[in-house]
Amino acid sequence: MVSPAPHAHGSDTTRRLMRDVIIALLPAFAVSVWFFGWGALQVAAVSIATCVALEWVIQKFLLRTPPQTSDLSAAVTGLLLAMNLPPGAPWWVVLTGSVTAIGIAKMSFGGIGKNPFNPALVGRVVLLVSFPVQMTRWALPRGFATTDAVTGATPLALLKEGLNNGLTVEQIFDNADFTYLELLFGRIGGSAGEVSALALLAGFAYLLARRVIRPYIPVSILATVAAFGGILWWANPERFIDPLFHLLTGGVLLGAIFMATDYVTSPMHPKGMIIFGIGIGALTMLIRTFGSYPEGISFAILIMNAAVPLINKYAKPKRYARNV
Amino acid sequence: MSNIYHLLSERLPLLRRGLGGGACSFSIGGIHPEDNKLAANSPLQALPPEGTASIFLGQHIGAPAEAIVSKGERVKTGQLIAKASGWVSADIHSSVSGTVVAVEPVADLSGIRQPAITIQVEGDEWLETIDRSPEIIREIPSDSAVIIKKIAAAGIVGLGGAAFPTHVKLSPPPGKKAGILIINAAECEPFLTSDHRVMLEFGEQALIGALLLKQALHASKAFIGIESNKPDAIRELQKIIRERGYELQVVRLKKRYPQGGEKQLIDAVTHRRVPSMGLPADVGVAVQNVGTALAVYEAVQKHKPLIENSITITGKNLPQQINALVRLGTPLSRLAALAGGIPAGTGKIVCGGPMMGKAIVNMDAPTTKVTSALLFIPHGEAQRRKASNCIRCAKCVQACPMGLEPYLLIKLTQRSRYDELRANRMSDCIECGCCLYSCPAHIPLLDYIRMGKGELKSSKLKVENYPTDGHRL
């Protein structure tokens, strides 16, 4: 047979890349199952199953194209959505989330590679705005031991509420029952994927080692969050909490490592990736410290998603030829 | 482990120097395809002439040569049979002795008929002026005009694949002087081993060829760039340079494709970058292939024209891996027979390396001056996979050694946005294939880019021919 050069091809496929993302998410998922028990498993099962099924149905019957769910991208969206929801969220909330993520945010733009916004995040934000009660009823980490719905606030919500009531940082956390070590390992309330910093970092290391993602986006987000938080803390430690707290709580790590690095909705080269990351970090901190929501990374990523075409147009990669 | 190394070395240039053991490399993009140098240990074997030889009149860049022999005439090995027609053109010599049986078109690799001279082989009688003794002649003529004249008379062209007449390349335009000569011995294409064998078996001759080229250019420095996967060739050449006191320097290059691309090699060795649409002479550099250097030695010191070249015959299913010295115009089918015939389960036969070689339709096509390899690709690896949607993973951008954005170029091509294609430097593309190689969605990126480059050229012509209609394009 005849074809133009090259006649060799690398081993990368879309499916392999997506499989690696799933593998990288497994440690964090395992930790969330360990701490939250059936609630976390059930949300993930519903989310993945509905995302994959929905994409298959849309491709087969609406678009009338051969279904390509075997590329695992819908499964990744489903898993990421589950990691962004409170463990034990009711099934109809999860279902609404997957319909929004796959049906509206992904397939209506033409499917994989065409969506301007991160589908899982669109799903989460729509749920957050539509069902604020269910979306902020965080189960406390109790493992499989009990099925009682014991709920509590996340550290970030605790902080926001306290500050709004005129307390200082020290007063708020005087009787808090968690340490930084626990933040690192994940014994705190929160959505399934944001509880264990260590497990997320393990996933990050795996993605880097497999060359699935490049470090520019996560590192610039985390550095911006740390710098922003550090300056505020240095200026007024009574009003603002230290940067380490910002890095370890909420969705910063999950967002920086797994959501912001989504290929389709992030810039194409290092310069753009760094601009994108700094933008996300700064917006997250603005929302966290001055906005009304306790957490802002989802909004920050979606806002910066909208800026990606512009970034790609003006931040060009390092060219070989320096003139012109 | 190697993943972590690549990762680190890509991020930290200083570390790259350290971990790479001091090996040089180009600074943007690149890929790491499987090496597959299966024939590296097979010595060059001379393939005696037999049957017929069909020699194309246009096997170089520029105007085709004009035949000066006619049907029925007897020719000797090394005799001039076609003269260069113009400045950018090259002489062609008979690679065999015998009788001219036809001066008419012959089908090439793609089955397209090209003007050629076909000679029926009768014995192997060489022209008397050619020195066929193994003795190495080390004295170098001091007059560069003499060297260039002899190179032109031997019909030498760039053997790296470009086939640009060497005497033209050695005469840079006025005002531009190449102070640095780089001999390209990177051989970065997987599977190819013919340059490697040349360095091991004709190392000193190639080095003298390099000195001749250096003299012809009046260059002050000359480097020989070799990829680190050929440590024996690096050692061998360094040994000869040390013993003979030649003013040449071997540069170890990191194994990375396309290390042997002209622009990449210049970057790796001199840290200079050729401007867009520019020539190496613009940054004071000239690049010549190591095979060309050997041909230059033979032409200047031995009066032997370019009538044979070294060819690798290789493939994963091939029973024998072969490097052969083959006379010009030998049918490819004879090379296949030498290696035991086309192996079962072959899906594609490629003339050249897997990254930039050309898939063959016609196995009876004759070899040319720049044929470097005959590669048999098994069926399973030959077929391109079905393309799926672009997932914007940016792996093509990361791989492009020219710092272009292949994903963007193909979209602009599909929409015929010529101005933006120009602004995004479509014409800088060297067609190395890194983008297509690294695409996880198997999108034929390079095919589209080639199409776009073609359209860009014709759109320019249209604008120039019909200036009033320019705005419609």
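A search of the whole structure, which is a predicted model, finds zero disulfides over all chains. Two cysteines of chain B, B:Cys429 and B:Cys439, are taken up below with their closest sulfur neighbours. The remaining points cover chain A as a whole, a helix pair in chain A, and two open sheets in chain B.

**Cysteines**

- A disulfide here requires two cysteine sulfur atoms within 2.5 Å.
- For B:Cys429 the closest cysteine sulfur belongs to B:Cys435, and because the two sulfurs are 6.5 Å apart, they are too far from each other for a bond.
- B:Cys429 is also buried, at a relative accessible area of 15%.
- For B:Cys439 the closest cysteine sulfur is that of B:Cys393, at 6.3 Å, so this pair is likewise too far apart for a bond.
- B:Cys439 counts as buried, with 8% relative accessibility.

**Chain A overall**

- Chain A contains 15 helices and two strands.
- The chain has 324 residues, of which 56% count as buried.
- Taking the contacts in chain A between residues at least 6 apart in sequence, 73% join residues at least 24 apart.

**Helix pair in chain A**

- Helix α11 (residues 216-235) of chain A packs with helix α14 (residues 270-290) of chain A at an angle of about 35 degrees, and their axes are 7 Å apart.
- The crossing of α11(A) and α14(A) is right-handed.
- Sorted by class, the residues in the contact of α11(A) with α14(A) are 16 nonpolar and six polar, with no charged residues.

**Six-stranded sheet in chain B**

- Six strands of chain B form an open sheet in the order β1-β16-β15-β19-β17-β18, and the pairing is mixed.
- At the edges of this sheet are β1 (44-46) and β18 (358-359) of chain B, each paired on one side only.
- Helix α5 (residues 194-201) of chain B packs on the sheet and touches β1, β15 and β16 (322-327) of chain B.
- The direction of α5 makes about 125 degrees with that of β15(B).

**Strand β19 and its partners**

- Strand β15 (residues 308-315) of chain B runs parallel to strand β19 (residues 373-378) of chain B, and four bridges join them.
- Along this pairing, B:Thr314 stands opposite B:Leu375, and B:Ile313 has B:Leu374 as its bridge partner.
- Strand β17 (residues 346-351) of chain B runs antiparallel to β19(B), with five bridges between them.
- The bridge partner of B:Lys348 in β19(B) is B:Ile377.
- β19(B) is mostly covered, with six of its six residues buried.
- B:Ala373, B:Leu375 and B:Ile377 point one way from β19(B), while B:Leu374, B:Phe376 and B:Pro378 point the other way, and all are buried.

**Four-stranded sheet in chain B**

- Another open sheet of chain B has four strands in the order β2-β10-β7-β4, with antiparallel pairing.
- Its edge strands are β2 (52-56) and β4 (74-75) of chain B, each of which pairs on one side only.
- β2(B) pairs with strand β10 (residues 116-121) of chain B in the antiparallel sense, over five bridges.
- One residue of this pairing, B:Ile55, has B:Ile117 in β10(B) as its bridge partner.

How values were computed
Residues numbered from 1 in each chain as written. Chains lettered and ligands numbered in written order. Predicted model: local features only at pLDDT ≥ 70, side-chain atom pairs only at ≥ 80, totals over all residues. Heavy atoms only, no water. Axes fitted to C-alpha atoms, helices over the stretch in contact; angles between N-to-C directions. Left-handed = near helix turned anticlockwise from the far one by under 90°. Nonpolar A, V, L, I, M, F, W, Y, C, P; charged D, E, K, R; others polar. Pairing = 2+ DSSP bridges. Contact = heavy atoms within 4.5 Å. Buried < 20%, exposed > 50% of the residue type's maximum accessible area, 1.4 Å probe, protein only.
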